[in-house]
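The two exercises below ask the reader to work from accessibility and side-chain geometry towards a picture of how helices are arranged. Each task is followed by a solution that goes step by step.

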Amino acid sequence: MRELVSLEEMKENLNILTCDDDLKIMGFISSASALILGHISATDETYPTEDFIPPEVKQATIVLVSHYYEDPFGENWPAGGEFPPSIRSLLSEFHSPVIS
């Protein structure tokens, strides 16, 4: 599965200088990437390399990983497990609503 941000990018965004939380951050990156790719109905082929990842998708991933890192138990998340408004806004042009 394509990871939408690198460990180095996340550590820079989180202002982390040590390797103590690398495994935890890598897990958050994998989870966030999978959720976002599913939300926008994208596959690994949609973004074959990092150069193809739109900045909005990358930023949404950074915001989501930051939420995971800073609030791992989801105590400050919207009800129902929805994305926070900032992430929904970043992904709005990529998300196709399901029509029943």
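**Exercise 1.** In this predicted model, determine which residues of H1 are buried and where they lie around the helix axis.

*Solution.* Begin with relative accessible area, for which buried means under 20% and exposed over 50%; by this criterion Leu-7, Met-10, Lys-11 and Leu-14 of H1 are buried. Seen down the axis of H1, these buried residues fall within an arc of 100°, so they line one face of the helix. Turning to the other side of H1, one finds Glu-8 and Glu-12 exposed. As a last step, ask what the buried residues pack against: their partners are helix H2 (22-39) and helix H3 (55-70). As to confidence, H1 (residues 7-14) has the highest mean pLDDT among the elements of the chain, at 96.

**Exercise 2.** Identify the salt-bridge partners of Lys-58, and state which parts the pair with Glu-9 ties together.

*Solution.* The side chain of Lys-58 meets that of Glu-9 in a salt bridge, at 3.2 Å from N to O. Because Glu-9 lies in helix H1 and Lys-58 in helix H3, this pair ties together parts that are 49 residues apart in sequence. Lys-58 also forms a salt bridge with Glu-50, at 3.4 Å from N to O, and Glu-9, Glu-50 and Lys-58 are thus linked in a network of salt bridges. Finally, compare accessibility: Lys-58 counts as buried at 15%, whereas Glu-9 is partly exposed at 22% and Glu-50 is partly exposed at 45%.

How values were computed
Residues numbered from 1 in each chain as written. Predicted model: local features only at pLDDT ≥ 70, side-chain atom pairs only at ≥ 80, totals over all residues. Heavy atoms only, no water. pLDDT = per-residue confidence, 0-100. Helix = DSSP H or I, 4+ residues; strand = E, 2+ residues; numbered from the N terminus. Buried < 20%, exposed > 50% of the residue type's maximum accessible area, 1.4 Å probe, protein only. Arc of directions from axis to C-beta. Contact = heavy atoms within 4.5 Å. Salt bridge = Lys/Arg side-chain N within 4 Å of Asp/Glu carboxyl O.
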